[in-house]
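Good morning, and thank you for making time for this item. I would ask you to keep the sequence and the structure in view while I speak.

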Amino acid sequence: MTATPVESGKSEIRFATIPELAGALRRRAFSARELATATCDLLEAEGGRYNAVAAVMRKRALREADRADRSSAPEDSEGPLRGIPYGAKDLLAARGAPTTWGAPPYRDQMLNDDATAIRRLGRAGAVLAAKLAMVELAGGGSYRYPSASLQGPGRNPWDLDRWSGGSSSGSAAAVGAGLVPYSLGSETSGSIGTPAAFCGVTGLRPTYGLVSRHGAMALSWTLDKIGPMAHTAEDCGTVLAAVAGGDRADPSTSGRRFRPLAPDASADATRHARIGYAEEDVAEHAAPEARNALAAGVEEFGRIAGTMRRATMPEGYPFGAMVGTVFGAEGASIFSELVDGGGVDALVDERQKAGLRAANEILARDYLHAMRLRTLLQRDFAKVFDEIDVLLTVGRTSTAPQIDKPLDARPPGAGSTPAADGKPLGNTPLIPAGNLAGLPAIFFPCGFGTDGLPVGLQLVGPPFSEPLLVALVSAYQAVTHHHRMRPVV
Amino acid sequence: MSDERPSDDPERLREVAKEALTANRAALRARPVPIDVEPPTIFGVEQPRRPMPDPASRHSGTA
């Protein structure tokens, strides 16, 4: 079953962007309470269809919506999020609902606190409507099946028999299905990018240290990032502006903030941007069903960018081994009580259980070796970004996989495993490499595969280059319509 | 589908997880690091690299 894409009209509230909803609230087309009520109704009615919702937070949503309706502050003093509902990945603590981390051992966990990102959105007048489903423990033990979640397998809004991606499964599916206009997800290595690509939404992974992780489940202290998912890059920027900044409760925060570029600066930056790209990413590594749409997306992107030239990310690093060793070792410490106390047996996915147990055997020597390689990788990326401003590559090489198949079973041609077949890597390992180096990335839809499922691209820039990333994708989205396509619901 | 995928037998999956660790270890050790390279600080890319300790509070016995 594959949904037929339909272009979302500007009058359609369900798939509206943040500025469209803010405009309607300003015009008093409806109140924040009415919008919150409709959103909660929708989440309750349809969230289960996608296994996207961990908890609908109607009581809290109505309280925050009423506050937004009562607010007499000038619009611009509270910003563009006032009265607009959203959902947050269930790895973030929020008062009013359990924080399950997507895992059966934590199904009743009540954390009487708001994560800093949620508190900041509340301060901006946003309305928390739901906790959204996720892969258990954000996939820390390496899971084998899409079903590795307390809430069940994340179903893709474009085809319920396909996976929504992980680990921010519900965050992407809820936006893709129009249940919420934006959401918060998190990424350790691919958990924003993969579901954004599979569900056809825009996702932004911030620079490490730009957004506080206070109140978020830790999987890896040195890799975890919190970031937005939405219909547009502009919306991701709006949310990022609200949540970014230093936080005494999270010593990893840099103290930097995010502000989108002004329109003139944005146009100028786009015109002059030097885009690095490797042809083999699509030509050699894209799965057959995704290849043409990805190639067309790259070509479209080339028309809005200043210059496109060949450039590749640093080579010669064992990215998979590095990222697996880092989050494995840190996760082994973080979840030691769960593993040592036997609670791990209550997890859903057998591979996840085995992976968490095995991680106890990672040697300090190997962890530190992987960390020292990260130092070299950061230096090598800095050299790459002396020559270009951003790297462009595919979001994922294939469309969303079947929901009932093991994730280690790859159909022939479905995104090659680069090192295994001797083909040049190009920039295809940018997800693990970018995460290891703490670099920001933005993922955005660029069309549909021959199977009717979304495909997308990603841009990766140097630390704190989010203003440029948002400007570039906003320019792309101003002249394309892929981000406005939505599934039939 | 690949014939090499592991079964869902928990015992076999434990072996697969350990094999993955061994493979990671081998891949890491095949990529040497110069002796003067330190791990990055975990405290963000722009934090002071080596905060100076207060000499008065210096004590021994900690790692």
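Contact, as I shall use the word, means heavy atoms within 4.5 Å. I should also say at once that this is a predicted model.

With that meaning in hand, let me begin with Val56(A), which belongs to strand β2 of chain A, residues 53-56. Which residues does Val56(A) touch, once neighbours within four places in sequence are set aside? The contacts are with Cys40(A), Leu43(A), Glu44(A), Ala129(A) and Ala130(A). Thr39(A) stands 17 residues from Val56(A) in sequence, and the two C-alpha atoms are 9.5 Å apart in space. Val56(A) is partly exposed, because its relative accessibility is 26% and that class runs between 20% and 50%.

I turn now to helix packing. Two packed helices are described by the angle between their axes and the distance between the axes. Within chain A, helix α11, residues 288-304, packs against helix α18, residues 466-479, at about 105° with an axis separation of 10 Å. Angles of 65 to 115 degrees count as roughly perpendicular, and α11(A) and α18(A) are therefore roughly perpendicular to each other. On the α11(A) side the contact is formed by Gly297(A), Glu300(A), Phe301(A) and Ile304(A), and on the α18(A) side by Leu472(A), Ala475(A), Tyr476(A) and Val479(A). Sorted by class, the contact of α11(A) with α18(A) comprises six nonpolar residues, one polar and one charged.

The next pair joins two chains. Helix α14 of chain A, residues 350-358, and helix α1 of chain B, residues 10-29, have axes that come within 8 Å and cross at roughly 45°. That angle makes α14(A) oblique to α1(B). The crossing of α14(A) past α1(B) is right-handed. From α14(A), the participants are Glu350(A), Arg351(A), Ala354(A), Gly355(A), Arg357(A) and Ala358(A). From α1(B), they include Pro10(B), Leu13(B), Arg14(B) and Val16(B). What is the make-up of the contact of α14(A) with α1(B) by residue class? It divides into eight nonpolar, one polar and five charged residues.

Let me move to the backbone. Gly166(A) and Ser167(A) are joined by a cis peptide bond, with omega about 10°. Ser167(A) sits in the loop between β6 (159-163) and α6 (169-176) of chain A.

Two residues other than glycine with positive phi also deserve a place here: Leu137(A), with phi near 50°, and Ser142(A), with phi near 70°. Leu137(A) lies in the loop between β4 (127-132) and β5 (155-156) of chain A, and Ser142(A) is likewise placed in the loop between β4 and β5 of chain A. Are these two residues buried or exposed? Leu137(A) is buried, because its relative accessible area is 0%, whereas Ser142(A) counts as partly exposed at 31%.

Finally, the cysteines. A disulfide is a covalent bond between the sulfur atoms of two cysteines. How many disulfides does a search of the whole structure find? The search finds zero over all chains. For Cys236(A), the nearest cysteine sulfur is that of Cys199(A), 14 Å away. Cys236(A) counts as buried, at 0% relative accessibility. For Cys446(A), which is also in no disulfide, the nearest cysteine sulfur is again that of Cys199(A), here 15 Å away. Cys446(A) is buried too, with a relative accessible area of 2%.

Key:
Residues numbered from 1 in each chain as written. Chains lettered and ligands numbered in written order. Predicted model: local features only at pLDDT ≥ 70, side-chain atom pairs only at ≥ 80, totals over all residues. Heavy atoms only, no water. Axes fitted to C-alpha atoms, helices over the stretch in contact; angles between N-to-C directions. Helix = DSSP H or I, 4+ residues; strand = E, 2+ residues; numbered from the N terminus. Parallel < 35°, antiparallel > 145°, perpendicular 65-115°, else oblique. Left-handed = near helix turned anticlockwise from the far one by under 90°. Nonpolar A, V, L, I, M, F, W, Y, C, P; charged D, E, K, R; others polar. Disulfide = S-S within 2.5 Å. Buried < 20%, exposed > 50% of the residue type's maximum accessible area, 1.4 Å probe, protein only.
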